[in-house]
Amino acid sequence: MAPPTPTFNLDVEAISGICGSISIACWVVVFSPQIIQNFQRGNADALSIQFIIVWLIGDVFNIIGAVLQGVLPTMIILAIYYTIADIVLLAQCFYYRGFTWKDAPAPPPKPSSSTIGEANERTGLLRNTHERRGSADWAGLSPAVAHIPETPPPAPPTALQTIAWNTTVVVMVCAAGVLGWFLGDRATSGNKDGSAPEEDNLTFNVVGQVFGYLCTVAYIASRLPQLILNYRRKTTEGLSMLFFLFACLGNITYVLSIFAYEPHCHGHEDGCAPGEARRLYGRYLLVNLSWLAGSSVTLLLDQCVFAQYFMYSRNDEDDFGSYGTHYETIEEDSGSNDGDERPILQRGDSGSYHRA
């Protein structure tokens, strides 16, 4: 006789488990995009060091509060992992920017396309001759030496390419979370004897709750320095949006996993007594209220980071376009002398500067 085909009941506990597993998967990889981007760029100027420090303080409070309150073991393990990842990001900031507690000042405004190329006799000679011509460029003017023009930087990825890549990564992480829940559920299904689980620990721990709310305040306050730094820089260049995207997705699924809770009543053969399930559910939410508030408010602040990204992305595109215009001006100027065979210095003094 063939073994019975396993059935899957997507009840409240399963929904909570799936959301919790996806949240864990998101929080495991949340720091990786920003760490990799800092390494590739060779700087961490886009990341607010105060943001990381306050977040680190919040994670320490999170560990203490989670242990004292007796929340899920996975939350405690994740809190320890967050702390280690925060230290890695903080070490990157100190390595690239030196040991400082202050964010880097706002960069000087980049020249726009309307100002690039505008020069008189003196500025044209100094900026467009000396700055773009080194000693090797003077040798390149000789007929015996081939002159190889500089190549412009590669174009940044389009919005469609960025969305496609981010969507692919997010889907893969979510699929890993669902797969992790499925394997865990199958592994423990054989150990269930059908008996009712023990009553959940819904006892308030005053000290644990205090640290939980301190953790919430730190998480909320950590976003403000990053928002201020983005506003001062007028750009989010160098800031990995996958970093905040995974943070948002991790907070959303974490909140859903808490709300998807099924109270277990004991001492009643036919289930819960009238009003008992509602009372247990309300007490469960109160125990986890500080963590719910922290995840919900930081989720809203992360949306502000995305709003800044879309606001300043146009400026970043204009800056790249201005560089391309400047590059074309340099190439046309370096390859044309308008038929003037005099030395370059004499041509600059006579006002024969060519502007594309």
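**Entry 1, a buried ring.** I began with Phe 243, which at 1% relative accessibility counts as buried, and I kept in mind throughout that this is a predicted model. I then looked up Phe 31, which also counts as buried, at 1% relative accessibility.

**Entry 2, the aromatic pairs.** I went through the ring pairs and noted a count of 17 aromatic pairs. Among them I examined Phe 31 and Phe 243, whose rings form a tilted pair with 5.8 Å from centre to centre and 45 degrees between the planes. I located Phe 31 in the loop between helix 1 (12-29) and helix 2 (32-41), and Phe 243 in helix 9 (residues 241-259), so this pair ties together parts that are 212 residues apart in sequence. I next turned to Tyr 309 and Phe 310, which form an edge-to-face pair at 5.2 Å centre to centre, with 70 degrees between the planes. For Tyr 309 I found a relative accessible area of 26%, which makes this residue partly exposed, whereas Phe 310 counts as exposed at 60% relative accessibility.

**Entry 3, the cluster and the charges over rings.** Which residues do ring pairs link into a cluster with Phe 31? I listed Phe 51, Trp 55, Phe 243 and Phe 244 as the residues joined to Phe 31 in this way. Looking further at Trp 55, I noted that the charged end of Arg 223 sits over the ring of Trp 55, at 4.6 Å from the ring's centre. I also recorded Lys 234, which lies over the face of Tyr 231 at 3.8 Å from the ring centre.

**Entry 4, helix 1 against helix 9.** Having met helix 9 as the element that holds Phe 243, I checked how it passes helix 1, and found that the two axes come within 8 Å and cross at roughly 155 degrees. Since angles over 145 degrees count as roughly antiparallel, helix 1 and helix 9 are therefore roughly antiparallel to each other. The crossing of helix 1 with helix 9 is left-handed. I noted the residues that make the contact, including Ser 16, Cys 19, Gly 20, Cys 26 and Trp 27 of helix 1, and Phe 246, Ala 247, Gly 250, Asn 251 and Tyr 254 of helix 9.

**Entry 5, Gln 92.** Is Gln 92 buried or exposed? At 11% relative accessibility I put Gln 92 down as buried, because buried means under 20%. I placed Gln 92 in helix 4 (residues 73-97). Setting aside neighbours within four places in sequence, I found Gln 92 in contact with Gln 34, Ile 35, Asn 38 and Phe 39.

Note on methods. Residues numbered from 1 in each chain as written. Predicted model: local features only at pLDDT ≥ 70, side-chain atom pairs only at ≥ 80, totals over all residues. Heavy atoms only, no water. Phe/Tyr/Trp six-rings, centres within 6.5 Å; stacked < 30°, edge-to-face > 60°. Helix = DSSP H or I, 4+ residues; strand = E, 2+ residues; numbered from the N terminus. Buried < 20%, exposed > 50% of the residue type's maximum accessible area, 1.4 Å probe, protein only. Lys NZ or Arg CZ within 6 Å of the ring centre and 35° of its normal. Axes fitted to C-alpha atoms, helices over the stretch in contact; angles between N-to-C directions. Parallel < 35°, antiparallel > 145°, perpendicular 65-115°, else oblique. Left-handed = near helix turned anticlockwise from the far one by under 90°. Contact = heavy atoms within 4.5 Å.
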